[in-house]
Amino acid sequence: MLKILSSVQIKEADAFTIIHEPVFAVDLMERAATAAASWILNHYAQKDCYHVFCGPGNNGGDGLVIARLLFLSGKKVQVYIYNQENKHSEEYEQNLTKLNVLFTPVVITDDINFNITNNDIVIDALFGTGLTRPVEGIFESTIKSLNSTEAVIISIDIPSGMMTDEFSPGKMIKATHTVTFQFPKFAFLFPETGRFAGNIHIVNIGLHPEYIKQVPVNNLMVEFNDVKQIIKIRQPFSHKGTYGHALIIAGSKGKTGAAVLAASACINSGAGKVTACIPSCCETAINITVPEVMTETSGELYISALPDISNYTSVACGPGIGTGEETARMLKILIQNCRTPLVLDADALNILSENKTWLSFLPPGSILTPHPGEFTRLAGKSSDGFERYHLQKEFSKKYNCYVVLKDHYTSISAPNGTCYFNSTGNAGMATAGSGDVLTGLLIALLVQSYHPLHAAIAGVYIHGLAGDISAAENSMEAVTASSIIGNFGKAFLQLQKSNDSEQN
């Protein structure tokens, strides 16, 4: 998994590399800036005019190197530096001397008109990962001015004004792209700050692998290779009993689709057998649309009682069940009597938010899948995504469960305090029924004997990958919950073919 380092750890990684490679600091800066310049030239080779804004620190030094490399590649380059006497890093001064041999940068002492056209490229190298307070003065006015242009803005490592490890209250560059070094930055993962990073591109700058291997982190980014190692290979001498029997408690009058989607997702994710516990008003729809799924009815318009759960491997509950009194009583009995991890979503979470004492009785290792609104009702209000992240981790520890908090970078918090951020998915998946599909996929993995953590990590990744395939084939606007299910097979095949090719 890709480690997500704090700003202090990023600085330590640089220092460790300088000492143990060994390499001079100025040469490490050259290496990082060269990687960024290569990305820029590969993606914007047709552009001729570049405006490079260099702050006083090492991020500004990166910008000076990039400007030099762009100039030597035949581009028209204008560099802007700031009158910050005695505040420039040593590496900055060395690269400024090299640049002055080629041309003289513009020194900014006050507000100026940068004369940037929409066809130009802006390189933002004002501030890097070490920023600990909001920008002000000439830097704040520069950011405001750049954000008012319609030119492409490429931030180097992190958008200027963004703090790496916490909420950023001040002005930030609104980047089109962020070319970031070696690791994703924590601030990219939350809506309040991540939206300023634009499209994120990670470039490897050769930081020392020994430091990366040994540095302890609480946050990890899940990647393709991580999930392909989790996926189990089905054995030739197996039968439907080998792959478990899932019970999905879902549906009510007007919300039959939630039950259909969850059941369909489950049977299309490898579960050996699936039974949908539904009110009788939903039975015909299940029988017609998902004939592979068995049914057990409880109540006419809503689920009124818990069936015998002793014959099922694992149980999922919540999609479309409503929050009526009898349904809530059913959930309480389920929590009290189930001895295997549950998957709880949607209305099951809404019921729990009104009966929080029940949370202490959750079977250990249960998976809860709230969206931000549902999580707020469960765990309390938060002022921003960073505060919600801390609440999420505390919730997992307190109740010994896994919380799948659905967002652009869906996060999976574990009881041990580790948080895993998903790297698949797209805005097209913000559509009705997508969460019901995830519930069905997660319970399918649980009944196939995946550990709850592995089920959560793989399930969220595959769900997002199937959504990405759907968007690539038909556009984000045309992504539906059903199309996500329809692409589960392609998502699994991508992971399995990768494993097969390595084994051969």
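Here is a short chat about a sheet, a cavity and one buried serine in this predicted model.

Visitor: Let's start with the sheet: which strands stand at its edges?
Guide: The open sheet is built from 11 strands with mixed pairing, in the order β1-β9-β18-β17-β16-β15-β14-β13-β10-β11-β12. An edge strand has a single partner, so one side of it is left without a neighbour in the sheet. That description fits β1 (2-3) and β12 (294-297).

Visitor: And what is the bridge partner of Lys3 in β9?
Guide: β1 and strand β9 (residues 219-222) pair over two bridges, in the antiparallel sense. For Lys3, the partner in β9 is Leu220.

Visitor: Moving along, in which sense do β9 and β18 pair?
Guide: Take one bridge as a landmark: Asn219 is matched with Cys419 in β18. Four bridges link β9 and β18, and the sense is parallel.

Visitor: Are the faces of strand β18 covered or open?
Guide: Look at strand β18 (residues 419-422) one side at a time. Cys419 and Phe421 are buried on one side, and Tyr420 and Asn422 are buried on the other. So with "buried" meaning under 20% relative accessible area, both faces of β18 come out as covered.

Visitor: Which residue takes a positive phi in the hairpin of β17 and β18?
Guide: Strand β17 (residues 411-413) runs antiparallel to β18, joined by three bridges, and Ser411 has Phe421 as its bridge partner. Five residues sit between the two strands of the hairpin. The one with a positive phi, near 95°, is Gly417.

Visitor: Now the empty space: which helix gives the most to the lining of the largest cavity?
Guide: The structure has one cavity of 30 Å³ or more, and the largest cavity holds about 100 Å³ of space. Its lining has 13 residues, with Phe190, Arg388, Leu405, Asp407 and Ser411 nearest the centre. Four lining residues come from the top contributor, residues 385-399, which is helix α14.

Visitor: How do the residues of that lining divide?
Guide: Ser411, the β17 residue bridged to Phe421, is among those nearest the centre of the cavity. For the lining of the largest cavity, the split is seven nonpolar, three polar and three charged.

Visitor: Last one: which backbone nitrogen does the side chain of Ser366 reach?
Guide: Ser366 sits in the loop between α12 (347-353) and β15 (367-368), and at 0% relative accessibility it counts as buried. Beyond its neighbours within four places in sequence, Ser366 is in contact with Pro341, Leu342, Asn400, Cys401 and Tyr402. At 3.1 Å, its side chain reaches the backbone nitrogen of Leu342.

Terms used: Residues are numbered from 1 along each chain as its sequence is written. This is a predicted model: local features need pLDDT of at least 70, side-chain atom pairs count only at pLDDT 80 or more; totals for chains, interfaces and linings use all residues. Side-chain values use heavy atoms; hydrogens and water are left out. On a 1 Å grid over the protein atoms alone, a cavity is a set of points where a 1.4 Å probe fits but cannot get out, and a pocket is an open set with protein on both sides within 12 Å along at least five of seven lines; lining residues have an atom within 4 Å of a point. Grid points are joined across faces, edges and corners, and a volume is the space filled by probe spheres set on the points. Ala, Val, Leu, Ile, Met, Phe, Trp, Tyr, Cys and Pro count as nonpolar, Asp, Glu, Lys and Arg as charged, and the others, Gly among them, as polar. Two strands pair if DSSP finds at least two bridges between them. Buried means under 20% relative accessible area, exposed over 50%, partly exposed in between (1.4 Å probe, protein chains only). A polar contact is a pair of N or O atoms within 3.5 Å; within protein, one must be able to donate a hydrogen and the other to accept it, and residues adjacent in sequence count only if both atoms are side-chain atoms. Contact means heavy atoms within 4.5 Å.
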